[in-house]
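Colleague: I would like a close look at one part of this model, with the terms spelled out as you go. Please keep to what can be computed from the atoms.

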Amino acid sequence: MRIIQLVHSFPPYTVAGTEVYTYELSQELQKRHKVFIFFRINDQKKKEYEIVSGNIDNLEIYAINNTFRRCDSFESTYNNFHITDKFAQLLDRIQPDIIHIQHLLFLSISIIKEAKKRKIPIVFTLNDYWLMCHMGQLLRRDGSLCELPMEEICSECLITQLSIKNNSMAVYQFLRKWVSNIFLQLLKNAYLFYAKVAFLNKNEQLTQIRKRISSIKEVNGLVDVFIAPSNFIKERFIKFGFSEERIKVLPYGLDMRNFKDIAKTLSDKIRFGYIGTLLPPKGVDILIKAFNNINADMAELKIYGRLLPYAGYENYPAYLKNLARNKGIVFMGGFKNSDIGKILSGIDVLIIPSIWYENAPFVIQEAFKAMVPVIAADIGGIPEFVKDGVNGLLFKSGDVNDLRARIEYIINNPNIMEEFRKNMPDVKSIEENSKEIERIYVELTGKPKCF
């Protein structure tokens, strides 16, 4: 079977959960099929929409360069016909039997139409809420949760994207490179004020938002099967209008090789850890605030993740560094996902402080495989995996004091960690997961299991 896995980024360019899962799933499928990867890169030195082909660990890859230099409207941030045309050419060359979409961020939803023109079955994994929420996380600008997208609320969250005009993104990219983050934020605020007054009224905003929602619902009907890694995200999409019959719940699987021959290291302190992307929705600032008043002689906090000035959050890395006052807080930097087992061997308790409706955090499964108890926010799909008082602890999302209380409970009752380890659930392997997904491919294509 010839399979295209389609995702917004891919290791080694990015090593967040969706990208790592796509890599591990593709490696497993590659044992029995021919797998191609299509994803986006952001390289200012390359031509816009240039396709870079090559090979990553025996996977044939096609990366399209989308820096947004030529982005001239809100619509082109989610429905880019240049990207769609390039992908259509690739479809005609590869002639895949099936397409599995992991994410369309930075790509184009009309890719789905191109596949359907060629009668190619489509599987779409709901890794987050991007199809219903352009920001992907159902989180408002003030950090509060959004139950379901509403046009008025969307217009507040998307004011920057709705203000995009010819060359505005190219200017923004230039300024990001040459001016300070503080000055950049001032310029952005000035531009948004001008945009609201000069050329962006409420009716225009709502029209653009309705167009996106309409476009999403149109292509939704063209997807053959949606995969939901948690029941929570399945229910959200059903409320949004997706067909329950076309959504299958399948939790992620892990590459067990990353945990082979790992041995727990010892420490005279309890080692808490955070592993992941350092962005506001992940709640890392909540974690640091909670840990600032923890006795550094009793415990330490290791934060794994790259401190990068992500677009829209340029000041966040500096904010986190300035926020950390406890000498027991250590920023460990980036890491290779193949080292996840070794990293977890040096952590006693993993903390997931998210403030958005997490789907099924990949790192929870990794922690369970490494026999590391988890303290996590009681939000989204997390409680489906972390059972409070059984294999870990839950705290009220966004509540600094409640998180601190859970951390102190572990410090004052260290034996509870062993009780949690006894109740760790079995973790599905990527081999098992790939066979589940392979069965879906076979049902849709009628092709044999092996090529």
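Colleague: In which sense do strand β6 (residues 122-125) and β7 pair, and over how many bridges?

Modeller: This is a predicted model, in which local features need pLDDT of at least 70 and side-chain atom pairs count only at pLDDT 80 or more, while totals for chains, interfaces and linings use all residues. Residues are numbered from 1 along each chain as its sequence is written, and side-chain values use heavy atoms, with hydrogens and water left out.

Strands β6 and β7 run parallel to each other and are joined by three bridges (two strands pair if DSSP finds at least two bridges between them). Along this pairing, Thr 125 stands opposite Ile 227 of β7. Strand β7 covers residues 225-228; strands are DSSP runs of E with at least two residues, helices runs of H or I with at least four, numbered from the N terminus.

β7 has a second partner, strand β8 (residues 247-249), again parallel and again with three bridges. Here Ile 227 faces Lys 248 in β8. Between β7 and β8 the chain passes through helix α9 (residues 231-240), and this β-α-β crossover is right-handed (clockwise from the first strand over the helix to the second, with the strands pointing away from the viewer).

Both faces of β7 are covered. Val 225 and Ile 227 are buried on one side, and Phe 226 and Ala 228 are buried on the other (buried means under 20% relative accessible area with a 1.4 Å probe, protein chains only).

Thr 125 also helps to line the second largest cavity, which holds about 50 Å³ of space. A cavity is a set of points on a 1 Å grid where a 1.4 Å probe fits but cannot get out, and its lining residues have an atom within 4 Å of a point. Phe 124 is in this lining too, as are Leu 126, Asn 127, Asp 128, Trp 130 and Leu 131. Gln 102, His 103, Leu 104 and Phe 237 complete the list. By class, six of these lining residues are nonpolar, four polar and one charged.

The structure holds three cavities of 30 Å³ or more. The largest has about 160 Å³ of space and a lining of 16 residues, with Cys 133, His 134, Pro 149, Cys 154 and Leu 158 nearest its centre. Helices α4 (151-157) and α8 (202-220) each supply at least two residues of that lining. The lining of the largest cavity has 13 nonpolar, one polar and two charged residues.

Terms used: On a 1 Å grid over the protein atoms alone, a cavity is a set of points where a 1.4 Å probe fits but cannot get out, and a pocket is an open set with protein on both sides within 12 Å along at least five of seven lines; lining residues have an atom within 4 Å of a point. Grid points are joined across faces, edges and corners, and a volume is the space filled by probe spheres set on the points. Ala, Val, Leu, Ile, Met, Phe, Trp, Tyr, Cys and Pro count as nonpolar, Asp, Glu, Lys and Arg as charged, and the others, Gly among them, as polar. Buried means under 20% relative accessible area, exposed over 50%, partly exposed in between (1.4 Å probe, protein chains only).
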